[in-house]
Structures are given as structure tokens and as C-alpha cells.
Amino acid sequence: RKVGFFVTLRIHGRAIEGADLHPYAITDTGLRGLEAREDREFRRLMARLSAPFASEGGHLRAWDAYLAHYGVEGFASEVTGILERMESEPQKGAAMFRNRVTTMQHAELWKDVLTRVMQGGRRTPPRDASRLVEEYFTRRVDLSWGPA
């Protein structure tokens, strides 16, 4: 969770001709580019995590697995944490809450989780997608990519 990336797109007219990933580590002193070994491991992991998106409907199976992982428990925990933060640090709590309702990614997650709860519950997503989501959100590594 301390690694991210940005993308450079090569566009010609209305077509995307290519894309380059630029991974980075988030450190106490700011961002730094990954070292060669870290970069290789990052790209291998991204290829594995991206595999579901190569098949028809794969993105929907991956999203379904993420919704199942997050669930009502994740939603309740997140909202509770934000409300607790609002009591101790009102400005920070308000910023966190505003971020969740105005940032498309967060708002879609909350909307879809709440819709699933309203529709009566849980679906069991495909096992392969569930394993990838579980690994992504529970795997702990240090910045040298070894077990934490």
C-alpha cells in the first residue's frame, strides 16, 4: 500500500498508441522511483492483478470480489473511523468524509456496497478474483518487496 504509479499515455489523434507505467514508493520523505529489482517485482504483481481484466467481463468479476471483500463490515468500519476522527479532529474528519462522497472511486464503492446490502446481501464472487483481492488488501511488504 506504500507503492503507487502514474501513467504516461501516448496519444495520436483520438487513439491511444501506448502507455507507460511509472511506479514509485511512498516514503517518509516523499516519493522515490523504484529500484530495478523493486520495479521488476512491481510489474510482475501488476500483471497478476490485472489478469482478470483481460477476459470478457473480468472487470465485473474483479469488482464483485472487491465488494465482497470490503462488505458492510468495511463500510461500517470506515464510516465509524471517520466519525471518530471528526470528534477528535473536526477539520480532518470533515475532509475525509467529503473525500469519500466527492471522489468518484470512493462514492462508487459506497454506492455499490450499500446497493448490495439493500438487495439482500452477499454474492460469492469467483475464487480466482477473490484470491487476488484478498492478497492485494492483506499482503504486507516492505519497500524492498520482501515479507514484512
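**Exercise 1.** In which strand is phenylalanine 5 found? Classify its exposure and describe the nonpolar patch that includes Phe5.

*Solution.* The model is predicted.
Step 1: Phenylalanine 5 belongs to strand E1, which covers residues 3–12.
Step 2: The relative accessible area of phenylalanine 5 is 35%. Buried means under 20% and exposed means over 50%, with partly exposed in between. Phenylalanine 5 is therefore partly exposed.
Step 3: Together with Val7, Leu9, Ile11 and Ile16, Phe5 makes a nonpolar surface patch of about 470 Å².
Step 4: Strand E1 gives the most to this patch, with four residues.

**Exercise 2.** Describe how helix H3 and helix H4 are arranged, and name the residues that make their contact.

*Solution.*
Step 1: Helix H3 spans residues 90–102 and helix H4 spans residues 104–118.
Step 2: Their axes come within 5 Å and cross at roughly 75 degrees.
Step 3: Angles of 65 to 115 degrees count as roughly perpendicular, so H3 is roughly perpendicular to H4.
Step 4: On the H3 side, the contact is made by Phe97, Asn99, Arg100, Val101 and Thr102. On the H4 side, Met104, His106, Ala107 and Trp110 take part.

**Exercise 3.** Is aspartate 64 buried or exposed? Locate it and list its contacts beyond four places in sequence.

*Solution.*
Step 1: Aspartate 64 lies in helix H2, residues 58–88.
Step 2: Aspartate 64 has a relative accessibility of 12%. The cut-off for buried is under 20%, so aspartate 64 counts as buried.
Step 3: With neighbours within four places in sequence left aside, aspartate 64 is in contact with Arg116, Arg123 and Pro125.

How values were computed:
Residues are numbered from 1 along each chain as its sequence is written. This is a predicted model: local features need pLDDT of at least 70, side-chain atom pairs count only at pLDDT 80 or more; totals for chains, interfaces and linings use all residues. Side-chain values use heavy atoms; hydrogens and water are left out. Patches are made of residues with over 30% relative accessible area and no salt bridge: like charges are joined within 9 Å, nonpolar side chains (Val, Leu, Ile, Met, Phe, Trp, Tyr) within 5 Å. Accessible areas come from the Shrake-Rupley method with a 1.4 Å probe; for residues, only the protein chains shown count as cover. A salt bridge is a side-chain nitrogen of Lys or Arg within 4 Å of a carboxyl oxygen of Asp or Glu. Helices (H or I, at least four residues) and strands (E, at least two) are DSSP runs, numbered from the N terminus. Buried means under 20% relative accessible area, exposed over 50%, partly exposed in between (1.4 Å probe, protein chains only). Axes are lines fitted to C-alpha atoms, for helices over the stretch in contact, and angles run from 0 to 180 degrees between N-to-C directions. Angles under 35 degrees count as roughly parallel, over 145 as roughly antiparallel, 65 to 115 as roughly perpendicular and the rest as oblique. Contact means heavy atoms within 4.5 Å.
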